[in-house]
Amino acid sequence: MKVPFLDFSNSYKELKTEIDLAISRVLESGYYIGGPEVESFESEYANYCGTKYCVGVANGLDALILALKACEVGHGDEVIVPSNTYIATWLAVSSVGAKIIPVEPDDYYNIDTNKIEEKITKKTKAIIPVHLYGQSVNLDPILELSKKNSIKVIEDAAQAHGAKYKDKRIGGHGDIIAWSFYPGKNLGAIGDGGAITTNDPELAEKIKLYRNYGSRIKYYNEVQGVNSRLDSIQAAILRAKLQRLDQWNEKRSAVATLYLNQLSNVSQIILPKIPDWTTPVWHQFVIRTSHRDELQKALEENGIGTMIHYPNPPHLQKAYEDLNWKQGSFPISEKIHTEVLSLPCNPDLTSDQISHVIDGIKKKLG
Ligand SMILES: *Cc1c(COP(=O)(O)O)cnc(C)c1O
């Protein structure tokens with residue numbers, strides 16, 4: 001039996017009629033940049049998140065970069081980020097010229113909120129908590145620190161579409177929330193896409209300005225902006241997929257529940273723990289084991305696709321060698337990176353496929 005880690009085309013097959021219609025609507029409308037599909041998606045996604053504003057941009061990395069620019073973060077400023085994250089979080093900070101201040105993760109793989117305050121200096125301008133794997137960060141302590149020290153909170157929610165912190169969906173807790181609609185995300189386009197959400201009208205307005213050449217009125221440029229717009233066809237497709245997001249997240253959650261129940265007595269793996277403040281959306285279902293590479297190989301031989309999120313922490317990437325961090329600089333992250341393995345956790349997995357994954361793990365490690 002084959003269990004692919006993820007097949008991007010499955011959600012298209014499931015929503016073919018709606019997606020084909022969405023594409024032809026755009027083709028016939030003549031609005032190929034901006035227009036009604038982008039505006040409708042923005043208002044529908046803001047509504048979904050329970051937030052006042054949504055501004056579409058070209059991708060998740062741009063959403064983070066424009067969020068930092070809108071908060072006027074640049075050279076000489078410090079930004080607190082998790083040491084355990086996808087490199088995009090870091091790239092956003094370095095690309096605006098600010099200094100990266102990493103903080104190690106807690107037991108849930110997210111930024112440890114007890115270790116943030118000691119890293120705050122007069123230069124700290126922003127904190128970027130990342131809701132990794134679809135589990136929300138414990139936001140209240142971060143929001144308190146931000147108030148006390150006048151620091152902006154920019155959330156990286158690229159893996160958390162629909163996830164809740166306490167009883168409220170992610171999307172409006174911090175100052176700006178950055179989203180990616182890369183095809184593999186819980187809400188994914190058929191190409192690149194991104195957005196920011198916020199409750200602050202000024203920040204929303206600034207990002208609208210930056211994403212479009214710094215221009216509100218065509219050929220009049222107020223700031224040195226960029227071209228980072230959400231494509232109209234992607235917006236139309238995202239509108240169709242947004243209708244299914246909750247249902248897909250529930251299916252992911254059902255898969256996760258089966259894994260959690262049926263793998264609970266495999267002593268050689270650590271299962272994900274769920275803190276009481278979050279309703280996760282299982283962007284990834286990540287187990288840990290010191291036999292990670294052997295397990296991955298054994299599963300592969302049984303037709304089961306897995307991935308490693310991530311094999312190398314940002315501070316040890318060649319891209320950041322100029323910052324001079326070494327093996328041992330962030331030991332908690334480093335250990336996580338040598339042990340994590342993401343199991344298939346898609347809405348379209350059959351119960352036979354899920355059992356096959358569970359049996360494969362038990363056969364190797366049980
Ligand atoms: C996917 C992702 C991004 C970047 O999104 P793109 O749309 O690929 O630019 C940023 N942060 C995290 C945590 C991600 O998972």
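# Exercises on a predicted model

Of the 366 residues of the protein, 55% count as buried, where buried means under 20% relative accessible area, exposed over 50%, and partly exposed in between (1.4 Å probe, protein chains only). The model is predicted, so that local features need pLDDT of at least 70 and side-chain atom pairs count only at pLDDT 80 or more, while totals for chains, interfaces and linings use all residues. Residues are numbered from 1 along each chain as its sequence is written, and side-chain values use heavy atoms, with hydrogens and water left out.

**Exercise 1.** Determine how the radius of gyration of the protein compares with the globule rule.

*Solution.* Begin with the secondary structure: the protein has 12 helices and 14 strands, which are DSSP runs (helices H or I, at least four residues; strands E, at least two) numbered from the N terminus. The radius of gyration is 21 Å, close to the 21 Å from the globule rule for 366 residues, so the protein is as compact as a globular protein of that length. This radius is taken over C-alpha atoms, and the rule is 2.2 Å times the number of residues to the power 0.38. Finally, the C-alpha atoms fill a box of roughly 65 × 55 × 40 Å along the principal axes.

**Exercise 2.** Identify the residues of the largest nonpolar core that touch the most other members, and the element that gives the most to this core.

*Solution.* A nonpolar core is a set of buried Ala, Val, Leu, Ile, Met, Phe, Trp, Tyr and Cys residues joined through side-chain atoms within 4.5 Å. Among the 38 residues of the largest one, Phe41, Tyr45, Ile116, Trp179 and Phe181 touch the most other members. Two or more residues each come from α3 (36-49), β3 (99-103), α6 (139-149), β8 (176-180) and α8 (232-242). Of these, α3 gives the most, with 6 residues. Now examine Phe41: leaving aside residues up to four places away in sequence, Phe41 touches Phe181, Leu187, Leu230, Ala235, Leu238, Arg239 and Leu242, a contact being heavy atoms within 4.5 Å.

**Exercise 3.** Establish whether Gln262 is buried, exposed or partly exposed, and which residues Gln262 touches.

*Solution.* First locate the residue: Gln262 is found in helix α9 (residues 245-262). Its relative accessible area is 34%, so Gln262 is partly exposed. Beyond residues up to four places away in sequence, Gln262 touches Ile358 and Lys362. By comparison, the C-alpha atoms of Gln262 and Ile120 are separated by 42 Å, the two residues being 142 apart along the chain.
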